[in-house]
Amino acid sequence: VMSAAAATAGPPESSDEEDNDLEALGKEAKQIADRRLAPATKKNYESKMKKFRAFIKDSYPECLDDDGELILPLEHDRATQAEIIEQFLAKSTHKDKTAKNGNTLNSADHVAGCAAALKDYFKNVAKVDLDADTLLAMAQFTGGYKRDVAAKKRDGELSLSEGKRPLSMAVYIALAVLATEVVTDFQGAVYFHLYMVLCWNLFNRTESTAR
């Protein structure tokens, strides 16, 4: 039978060593969770969230606290949270500067990345669930813009290629010819030849995968 003293006694106090172990495990867990995103993706999301805060500061400053952080969920008498985010995505379709080819629109992947950055911030940083209306608005906007971009490419209003273009065979042959004609800086030419071999390896791997 448990004694009265044992029944009334509280849980045993943890030692400093146990507290330190738990603190170390907590830090390790946070570090592992932070690695859910690749460094490049994390940097990309941070850049997009910086633009989102700038948009909120210009358009809905009441949605920021004194430290410039977002007050979530976004609530304003002029627009719902879904409408505010739709407006930001619409702004994100336009480039900050006109491209050399005259293009003023961002790619569908860029806009989808903005939506992904917002979802990640709400879920994993702010720990706030996005409501169904906002999620639906984001999905419909990114889907509609993707179709819009595809139509503009089909009609010749936008370039068919986006971002970096792959090295064509014609350019590879031109570089190979140049590599064989090097008569100075032989040490530098070593890296040139290595680059050509690695490129050829990638070409063949892509071809074999396609087959």
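## Thr142 and helix α6

Beyond the residues up to four places away in sequence, Thr142 touches Val111, Ala112 and Ala115. The model described here is predicted. Thr142 sits in helix α6, and its side chain comes within reach of the backbone oxygen of Met138, at 2.9 Å. Thr142 is also one of the buried residues of α6, a set that further includes Thr134, Ala137, Met138, Tyr145 and Val149. The buried residues of this helix pack against α4 and α5, the latter covering residues 108–125.

Helix α6 runs over residues 132–154, and its length can be checked against its residue count. With 23 residues at 1.5 Å a residue, the helix should span 33 Å. The C-alpha atoms at its ends are 33 Å apart, so the expected and computed spans agree.

## The two ends of α6

What caps the N-terminal end of α6? Asp131 does, with a side-chain oxygen placed 3.2 Å from the backbone nitrogen of Asp133. After the helix comes Gly156, which has a positive phi, near 80 degrees.

## Gln81 and its contact with Asp131

The capping residue Asp131 also takes part in a side-chain contact with Gln81: the two side chains are joined by a polar contact of 2.8 Å. Gln81 belongs to helix α4.

Is Gln81 buried or exposed? Its relative accessible area is 7%, and because the cut-off for burial is under 20%, Gln81 counts as buried. Setting aside residues up to four places away in sequence, Gln81 touches Pro73, Leu74, Phe122, Leu130, Asp131 and Thr134. Of these, Thr134 is listed among the buried residues of α6.

## Aromatic pairs

A pair of aromatic rings is described by the distance of the centres and the angle of the planes. The count for this model comes to 4 aromatic pairs. One of them is formed by Phe52 and Phe88, an edge-to-face pair with 4.9 Å centre to centre and 80 degrees between the planes. This pair links distant parts of the chain, since Phe52 lies in helix α3 (residues 39–59) and Phe88 in helix α4 (residues 81–92), 36 residues apart. Phe52 and Phe88 are both buried.

Phe88 pairs with Phe55 as well; here the arrangement is tilted, at 5.8 Å centre to centre and 50 degrees between the planes. This second link again joins distant parts of the chain, from Phe55 in α3 to Phe88 in α4, 33 residues apart. Phe55 is buried, as is Phe88. Through ring pairs, Phe52, Phe55, Tyr60 and Phe88 are linked into a cluster.

## The nonpolar core

How many residues does the largest nonpolar core have? It has 28, and the residues with the most contacts inside it are Phe52, Ile56, Leu70, Leu74, Ile85 and Leu89. At least two residues of this core come from each of α3, α4, α5 and α6. The largest share is that of α5, with 7 residues.

Two of the most-contacted core residues, Phe52 and Leu74, recur in the sections above: Phe52 pairs with Phe88, and Leu74 is touched by Gln81. Leu70 is another of the residues with the most contacts inside the core. Apart from neighbours within four places in sequence, Leu70 is in contact with Met49, Phe52, Arg53, Ile56, Cys63, Leu64 and Tyr121. Among these partners, Phe52 and Ile56 are themselves listed with the most contacts inside the core.

Notes:
Residues are numbered from 1 along each chain as its sequence is written. This is a predicted model: local features need pLDDT of at least 70, side-chain atom pairs count only at pLDDT 80 or more; totals for chains, interfaces and linings use all residues. Side-chain values use heavy atoms; hydrogens and water are left out. Rings of Phe, Tyr and Trp (its six-membered ring) pair if their centres lie within 6.5 Å; planes under 30 degrees apart count as stacked, over 60 as edge-to-face and the rest as tilted. Helices (H or I, at least four residues) and strands (E, at least two) are DSSP runs, numbered from the N terminus. Buried means under 20% relative accessible area, exposed over 50%, partly exposed in between (1.4 Å probe, protein chains only). A polar contact is a pair of N or O atoms within 3.5 Å; within protein, one must be able to donate a hydrogen and the other to accept it, and residues adjacent in sequence count only if both atoms are side-chain atoms. Contact means heavy atoms within 4.5 Å. The expected span of a helix is 1.5 Å times one less than its number of residues. A nonpolar core is a set of buried Ala, Val, Leu, Ile, Met, Phe, Trp, Tyr and Cys residues joined through side-chain atoms within 4.5 Å.
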